[in-house]
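Reader: Hello! I would enjoy a close look at one part of this protein, followed by a walk outward to the rest. Could you take me through it step by step?

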Amino acid sequence: MSGGGGGEEEQHLPGVSSASGSAAGTTGGRSTPDVKRSAVRHLIQRYFHQLQSGCGNAHCTNANCASSGRVAPMTPNEVAARALQLFSQDAQLCEAPTSATSSPQDVDMLSPNDSSSSSSGSSTSTITSASTTTTTSRQSQNAQPAAVVAVCSPNLVQNIPQLDIGCVEPSSGDSEPCTPTLPTVQSLEANSLMALYEQCRAADSYDRICHAIGDVFSSVDRLSKSFIRSAEPAASSSLQELLANPPEALNKEQLRTLEGEHDKDEDSTQQVEEEVVTEEGLAIASTESEVVTEAEPEEEDEDVPMAQTTEATSEEDPSQSSDTQVDLPGLRRVQRLLFGSQTRAITDKLTSSVIQLADWVHYMRPDWEKVIHCLIICFDLATNTNNSVADTDYLDRVLPKLCHAAAAMPVHAQARLARIWAAHCSDQLQALVAACQQQITVQVLLDEDSMRENGSIISVTKVLKIVFYANILASELERPSCRVPLEDRTETVAASSSNSVSVEDDIFAYNSILQPHMPKFAEDQLEKALQVSAIDCRKPLVPLEEFYNEALSDNIQMHHDYLSYKTLAMESELGSGQNNYFSFMLYAFILTPATKVDALYYDSRMRMYSERYSSLYSILNNFGQEGQDGTPRPDLKLSVRRDQLINDALIGLELVAMSNPKDLKKQLVVEFVGEQGIDEGGVSKEFFQLIVEEIFNPAFGMFIQQEETNNMWFNATPYENGAQFTLIGIIIGLAIYNNVILAVNFPMVVYRKLMGYCGTFADLSDWSPTLSKSLKSMLDYQGQDMEEVFDQTFKISYSNVFGEMVEHELVPNGKDVLVGQHNKQLFVNLYSDFLLNTNIQQQFNAFRKGFEMVTDESPLKLLFRPEEIEMLVCGSREFDFVELEHSTEYEGGYTEETQIIQDFWSIVHAMPNESKRKLLEFTTGSARVPVGGLKCLRLLITRHGPDSDRLPTSHTCFNVLLLPEYSSREKLEERLLKAINYSKGFGML
């Protein structure tokens, strides 16, 4: 306020009319700082005396005057705070009595006798009035901007919630005054904003709060300084963390925290408590209040144990931290207050300001740590809604813009946002998922033809990916991760190869470890940054199925999306820096399993066509040349005999896998010797069905059936060598590659292992529920007599395929090591690892090798989770023939209203499930339900002539049922049941 060496322009005080004018006039039109300070002091004294003693008028109607009888009893400190508020509002002043100018109470008001406030020193506090009275308007018209008044007494405002308002700082030279009328608000806190709202509501004018919201919420720098939580909640959360740690992990600083010595500054603590007591008041930007707001940094300890490496890592790399300074409880109180207001001007201003901030972030790329703070605030305002009009309007207008801003962040910033959401906003993840899904659905319905070019859909999808990983982090994770690194897999394969007893295990010219399992461009960088995967999460906080978007999946036109995916792959191979394409295949969590199956189908067909063209080119290139022993086929043809199905199939596949494994990626064509059927898909379906029945027959000796679950498991002592398991893996891979569903009952751990994970104790519940419960009871037992109660050593026994008991020691001399409280977890882990991994290591490695010989280049692992792969192999468990009826089409004169069609469906719905499965097998070639349910099956029923004694027939390749128009319902039922019960083999019609 004071200037050195330069003149000062005349500045009018907000809220000062005649009094300030006369004061200024005494200096000959030149307003000195002392005169300004004296005028403000005089006005505040008048407000204080008016509140405490009144004006003396018995008929006074001023609600802020004690004489009116409408002023509630207050302490001197509360009266002082209220006087400051009235001054800032330019409230009505009664005619002052002659004795009011020099009252002793006024002196007490300006210098209260409070020892607790003496610690603030001589720092300067600023009081800003945002008056909109006629006097101020005239001052603005005279181009004389309002000044920010500095009151040197810090004791005056120690109890007022902080509202950081920009002011003119003292300088040594000439400077321009602050912004006219309404100064720029630099930051907001929950209490100050709520107090300001109450002031505006009392004055029936919301201009000041709209101005404050506009200033703060439209600026990254200002909003990043706002809604900062106090140090006390952080200390309490730190205390909870320390109490959760074992005693030996505590260092000196933590022990001091537990003893209550972390409150080193008693004056600061007392000041925090005083600020909490005062809920109303004008915010004061003072040095001491800033110190109170920010958490005081703790002194570093040299002897920090290893248990505290997380905090140390966060200090070194903030992007790895999940901490945030946002005062979420206070922010949510503000949200309920503002969005519950009857005044739309506040929410409209908030909406427009956040949109302005989001656009600035999207284009300017500022400091990402500040942006994260702002996004947490703005997203939290969007998710804590009450479905009111204001909430919905804010959500619809702001959320797409926020997603644009968040999608523009680099990976490390997105990872930090995911960590913060997981740690502090887990209760809002469900609402955030629903809000994002709603935005995507609305945009899809508005623009079905160009979803991949719709910026809003793309941005919201990218944010939904951040929420997806936040949901995983907030869930119960399997730690350490059960993912097997490729290096370990290489060592495992090498060890199993060296331990094999037959050289036939190495007959296939393929190394699954060296083959690409996922294109480089398709690697999930956010997953790598967070070092977490969806497979690590056993029980997600928000079910992963809620991330599916039905509208998007139904309208995506997957063939176009697959072309975008291949274009991205091509640009990645060429090293192109441009990225003008977007593919939802890289965000597979949002796609339904049925849509993913379509993507896998297009990929398989493209590879089949590529192999076919390569073979035709080779034929044309070698045409007429001598010395060519064999001509390559454009397909993978298997000729098998029904009575020698296993031998013919495995020998044929073995020859192909040994000579050229790439031929396995050609289209499979099966021919049953002696039958006329042409394979357009139906013959292959029956081939897979028959061969799976033979392979998984316990008499074949490669798999055993677990009586408790009816699941199939690898025989630890098989009759055959590892090459046979490789061939079986090839068959499973070919079924997926050729879009055929199999009747295979594997436990879920098999699909997790195929995805590169090892089996753990959590997988035992599906593998053997009884054993899992027994081991769980051992882990839950807390008695010190565990050795006597369980009498279990580290030697286990199990039954092999011949019914013999086999013993195995989990550790050296395991028969002498009893299981107790100190080693029970080790016992359970070793026991589970032996049963699910070690005992079948050689067999499973060969099986996985064959599986990956077919699927290594497909986007299988990119698109599907283990449970979805199980659905892909085995089909859906939903067996709803009502859906099939609704999706069925008719030809040849049949319609839904035709009598025979109505009779047909009434007969079908009355069938037992076993007959329904036979009907499904008769018409489609498979008794399994496709992924997505029977509604995804396109059955066609066509008229096959008039009434006759012919049985119904079908084209299983095309899901066509040929149904004669029988004369009665009884005849239809008799003919249909005979057809589905005695149908085997193929013939020409």
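Reader: My starting point is the lysine K465: does K465 count as buried or exposed, and at what relative accessibility?

Author: Happy to help, and one reminder before we begin: this is a predicted model. K465 counts as buried, because its relative accessibility is 14%, and the cut-off for that class is under 20%.

This lysine also has a partner. K465 forms a salt bridge with D524, and the closest N and O atoms of the two are 3.0 Å apart. K465 belongs to helix α20 (residues 455-473), while D524 sits in the loop between α21 (486-499) and α22 (525-530), so the salt bridge ties together parts that are 59 residues apart in sequence. As a general point, side chains of opposite charge can pair when their charged atoms come close.

From here we can move on to other pairs. The count of salt bridges comes to 36. One of them joins the side chains of E369 and R416, at 2.8 Å from N to O. This pair also links distant parts of the chain, with E369 in helix α16 (residues 368-383) and R416 in helix α18 (residues 411-424), 47 residues apart. The two partners can be described by their accessibility: R416 counts as buried at 8%, whereas E369 is partly exposed, with a relative accessible area of 35%.

A salt bridge within a single helix is found at E974 and K978, whose side chains meet at 3.4 Å, N to O. Both residues lie in helix α40 (residues 969-981), and they are four residues apart, about one turn of the helix. E974 counts as partly exposed at 35% relative accessibility, and K978 is partly exposed too, with a relative accessible area of 36%. Salt bridges can also share partners: E545, K596, R865, E867 and E868 are joined in this way into one network.

Let us turn from charged pairs to a helix and its surroundings. Helix α27 (residues 682-695) has 14 residues, and the distance from its first C-alpha to its last is 20 Å, close to the 20 Å expected at 1.5 Å a residue. This helix is largely enclosed by the rest of the structure, because 11 of its 14 residues are buried. Among the buried ones are G682, V683, K685, E686, F687, F688 and I695. The cover over the buried residues of α27 includes the strands β5 (636-640), β6 (668-672) and β7 (703-705), together with the helices α26 (645-659), α28 (722-737) and α39 (913-924).

β7 leads us on to a backbone detail. N710 is placed in the loop between β7 and β8 (712-714), and its phi is near 65°, a positive value in a residue other than glycine. N710 is partly exposed, with a relative accessible area of 45%. F227 is another residue other than glycine with a positive phi, near 50°. F227 lies in the loop between α8 (220-223) and α9 (231-244), and it counts as buried at 0% relative accessibility.

Strands have their own pattern to show. In a regular strand the side chains alternate between the two faces of the sheet. Strand β9 (residues 795-799) has a covered face made of I796 and Y798, and an uncovered face made of K795, S797 and S799. β9 pairs with strand β10 (residues 805-809) in the antiparallel sense, over five bridges. Within that pairing, S797 stands opposite E807 of β10.

On the surface, W360, Y363 and M364 form a nonpolar patch, and their accessible area together is about 390 Å². W360 is found in helix α15 (residues 344-364) and is partly exposed, with a relative accessible area of 40%.

Finally, here is the whole protein as a setting for these parts. The protein has 40 helices and 14 strands, and 50% of its 989 residues are buried. Among contacts between residues at least 6 apart in sequence, 76% join residues at least 24 apart. The accessible surface comes to about 46500 Å², and carbon and sulfur atoms account for 49% of it. To return to your starting point, K465 is one of the buried residues, and its salt bridge is with D524.

Notes. Residues numbered from 1 in each chain as written. Predicted model: local features only at pLDDT ≥ 70, side-chain atom pairs only at ≥ 80, totals over all residues. Heavy atoms only, no water. Helix = DSSP H or I, 4+ residues; strand = E, 2+ residues; numbered from the N terminus. Expected span 1.5 Å × (residues − 1). Buried < 20%, exposed > 50% of the residue type's maximum accessible area, 1.4 Å probe, protein only. Contact = heavy atoms within 4.5 Å. Patch = residues over 30% accessible without salt bridge, like charges linked within 9 Å, V, L, I, M, F, W, Y side chains within 5 Å. Areas by Shrake-Rupley, 256 points an atom, 1.4 Å probe, with all protein chains shown as cover. Salt bridge = Lys/Arg side-chain N within 4 Å of Asp/Glu carboxyl O. Pairing = 2+ DSSP bridges.
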